[in-house]
Structure formats: C-alpha cells, structure tokens
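Trainee: I should like to learn how to read a protein model residue by residue. May we work through one together?

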Amino acid sequence: MSDRTPLIRVTAMPADTNPYGGVFGGWLMSQMALGAGSLASREGQGKAVVVAATDFAFPGAMEVGDELSIYCEISVRGNTSLTIQAEGIARTRNGEATIKVSQGTFKFVVLDANDRPRALAAPPQIV
C-alpha cells in the first residue's frame with residue numbers, strides 16, 4: 001500500500017483471542033472494517049456503510065499484547081461507492097518486528113440524510 005499512515009492502531013487483549021489462545025480472525029476483520037470505514041466516511045464526506053466484505057486472508061499470527069496497525073487504500077471509486085483494500089500489520093509488544101496478519105476488501109456505499117445512496121463528490125485535483 002502506498003500510504004503507510006495507519007488509520008487505526010490497537011493492542012490485542014485477552015478478550016480478543018480464540019479458544020486456542022491466538023488472536024481471533026473475526027477481531028482482525030472488525031478492526032479492518034473500522035479502519036476502512038474511517039477512510040470511506042472521510043472520502044465520502046459523510047455516512048458510509050459497508051455492503052460487501054471479501055477476499056480475507058490471514059497470512060500471519062499475532063499474540064495478546066501485540067500492536068495492530070490497519071492500513072487502507074481506495075482501489076475503486078464508483079459513483080456512489082468506494083472499494084477499499086485493508087491490511088493489518090502486527091508489531092511485537094516488546095520490539096520492532098512486524099508481520100502482515102490480515103488483509104481484505106470492503107465495499108462501502110455513501111448515503112444521504114435519508115439513508116439513500118448518493119453520488120460521491122469529485123476527488124480533489126492535485127496541481
């Protein structure tokens with residue numbers, strides 16, 4: 001991903017684990033959805049709701065206490081929708097080692113005051 005500023009950072013806690021003691025994939029998915037939703041709302045300048053979530057993969061594992069950073073970028077800009085690629089990078093609690101632990105794709109639709117799809121504003125022009 002080109003922009004390496006995380007949209008969110010969070011520390012995995014004991015409540016975020018699966019029955020085997022590892023960080024739960026569903027928790028990772030929800031953190032990616034939060035980060036992607038933040039980008040969608042900012043880009044859409046208003047309410048944006050997820051309508052699809054696909055292509056999840058969990059190439060690495062993280063432990064309780066590790067820090068998760070969520071990075072996102074817009075891959076498709078439609079008339080009323082944004083498709084956002086998200087990835088989660090874990091950093092060990094007591095060090096600098098990092099590993100990619102999750103990735104997925106989220107599609108959002110921007111809504112008007114009546115919760116109906118509305119057109120996105122034109123992207124800003126870079127001069």
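Mentor: Let us begin with a definition: a strand is a DSSP run of E with at least two residues, and strands are numbered from the N terminus. Please bear in mind that this model is predicted.

Trainee: In which strand does Glu87 lie, and is Glu87 buried or exposed?

Mentor: Glu87 belongs to strand 4. A residue counts as buried under 20% relative accessible area. The relative accessible area of Glu87 is 9%, so this residue is buried.

Trainee: Which residue's side chain does a polar contact join to that of Glu87?

Mentor: A polar contact requires a pair of N or O atoms within 3.5 Å. At 3.3 Å, such a contact links the side chain of Glu87 to that of Lys100.

Trainee: Why is Ser81 classed as buried?

Mentor: Ser81 is also found in strand 4. Leaving aside neighbours within four places in sequence, its contacts include Phe108 and Leu120. Ser81 is classed as buried because the limit is under 20% and its relative accessible area is 13%.

Trainee: Which helix gives the most to the largest nonpolar core, and how many residues does that helix give?

Mentor: This core has 22 residues, and Trp27, Leu28 and Leu68 are among those that touch the most other members. Helix 1 (25–44), strand 3 (67–77), strand 4 (81–91) and strand 5 (98–110) each supply at least two of its residues. The element that gives the most is helix 1, and the number is six residues.

Terms used. Residues numbered from 1 in each chain as written. Predicted model: local features only at pLDDT ≥ 70, side-chain atom pairs only at ≥ 80, totals over all residues. Heavy atoms only, no water. Core = buried A, V, L, I, M, F, W, Y, C linked by side-chain atoms within 4.5 Å. Buried < 20%, exposed > 50% of the residue type's maximum accessible area, 1.4 Å probe, protein only. Helix = DSSP H or I, 4+ residues; strand = E, 2+ residues; numbered from the N terminus. Polar contact = N/O pair within 3.5 Å; in protein donor to acceptor, adjacent residues only side chain to side chain. Contact = heavy atoms within 4.5 Å.
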